[in-house]
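Let's take a friendly look at how two helices pack and where the pockets lie. Have the model open as you read.

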Amino acid sequence: MSLFGPGNLEFKPNAETIICLCICFVVALVFVIGGILARKQDPTKPSKGLLFLLEWAVEKVDNFTATSMGEGFPNFGGVVLPIICFLFLNFVIGISGLPTPMAYLPIPLALGLFTFLMIHITSIRYTKWSYFKRYIDPIPIFLPINLLSMWSPLLSLSLRLFGNAISGYVLLTLTNWGLKNAATVLTGLTGGPEAMVLIPIATPLLHAYFDVFSSFIQTLVFISLSCLFIAQERPEQDMQLAVGSRKES
């Protein structure tokens, strides 16, 4: 499909992009349905099914953000929960045999960019014009160094996700290739579908680690670090005032 006419730039999304967009659609659809169910729910009756699951998830994520970020970020769990679902599904989809979107650098880079923007938006929100002072602390000569260091959260978060995804993909690919060749040598097969007889022996354990356990760990690490980076942009004095006001109320 040409965007700018024949012979010009064409839009040809790869498999990872298509899978990522499908996951976005599914996550958005689930939350829209949850919102409709919440509007129709009788408050005097207990929630059931999908609504119960979403309420439980929202409560857990709200508690997590309140504990890790403090009292200055009310309802931030509503921002974190969709990212948790999106990130985990983009990792765990690899267990189905489909390409893992996290192994496509623009996708983890987009997640890292979200945290990067939230860090600086939070800093501007609380420090106003003093935000720009951070780039000349402790003395103006440190401006080039501070301008370079400001990108470290974006790079560390993005490359951590990408590195773990690509390492799992490479290891699984090499394992499948090695087992297929081993079966060819041991059985004298020609390398057709029959040569894949050894693959189900080892790869389920690798899929369980890289596509399930590692997905959970990477999601937890990304969310924890993002919340930490964002929360530390709030001045400590404001944090103490918020805690004090809560105690008085």
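What follows covers one helix pair and then two pockets, all in a predicted model.

## Helix 2 against helix 3

Helix 2 spans residues 49-69 and helix 3 spans residues 77-92; their axes lie 9 Å apart, at an angle of about 115°. That makes the two helices roughly perpendicular. The crossing of helix 2 past helix 3 is right-handed.

On the helix 2 side, the contact uses Ala57, Val58, Val61, Asp62 and Thr65, which meet Gly77, Gly78, Val80, Leu81 and Ile84 of helix 3. Sorted by class, this contact holds six nonpolar, three polar and one charged residues.

## The largest pocket

The largest pocket encloses about 590 Å³. Its lining has 22 residues, and those nearest the centre are Ala57, Val61, Leu81, Ile84 and Cys85. You have already met some of these: Ala57 and Val61 in helix 2, and Leu81 and Ile84 in helix 3, belong to the helix contact as well.

Helix 1 (15-40), helix 2, helix 3 and helix 7 (199-231) each give two or more residues to this lining. Helix 2 has the largest share, with eight residues. By class, the lining of the largest pocket comprises 20 nonpolar residues, one polar and one charged.

## The second largest pocket

At about 280 Å³, the second largest pocket is lined by 17 residues, with Gly94, Thr100, Tyr169, Leu172 and His207 nearest its centre. Helix 6 (152-187) and helix 7 each provide at least two lining residues, and helix 6 gives the most, seven. Here the lining divides into seven nonpolar, nine polar and one charged residues.

Methods. Residues are numbered from 1 along each chain as its sequence is written. This is a predicted model: local features need pLDDT of at least 70, side-chain atom pairs count only at pLDDT 80 or more; totals for chains, interfaces and linings use all residues. Side-chain values use heavy atoms; hydrogens and water are left out. Axes are lines fitted to C-alpha atoms, for helices over the stretch in contact, and angles run from 0 to 180 degrees between N-to-C directions. Helices (H or I, at least four residues) and strands (E, at least two) are DSSP runs, numbered from the N terminus. Angles under 35 degrees count as roughly parallel, over 145 as roughly antiparallel, 65 to 115 as roughly perpendicular and the rest as oblique. A crossing is left-handed if the near helix is turned anticlockwise from the far one by less than a right angle, and right-handed if clockwise. Contact means heavy atoms within 4.5 Å. Ala, Val, Leu, Ile, Met, Phe, Trp, Tyr, Cys and Pro count as nonpolar, Asp, Glu, Lys and Arg as charged, and the others, Gly among them, as polar. On a 1 Å grid over the protein atoms alone, a cavity is a set of points where a 1.4 Å probe fits but cannot get out, and a pocket is an open set with protein on both sides within 12 Å along at least five of seven lines; lining residues have an atom within 4 Å of a point. Grid points are joined across faces, edges and corners, and a volume is the space filled by probe spheres set on the points.
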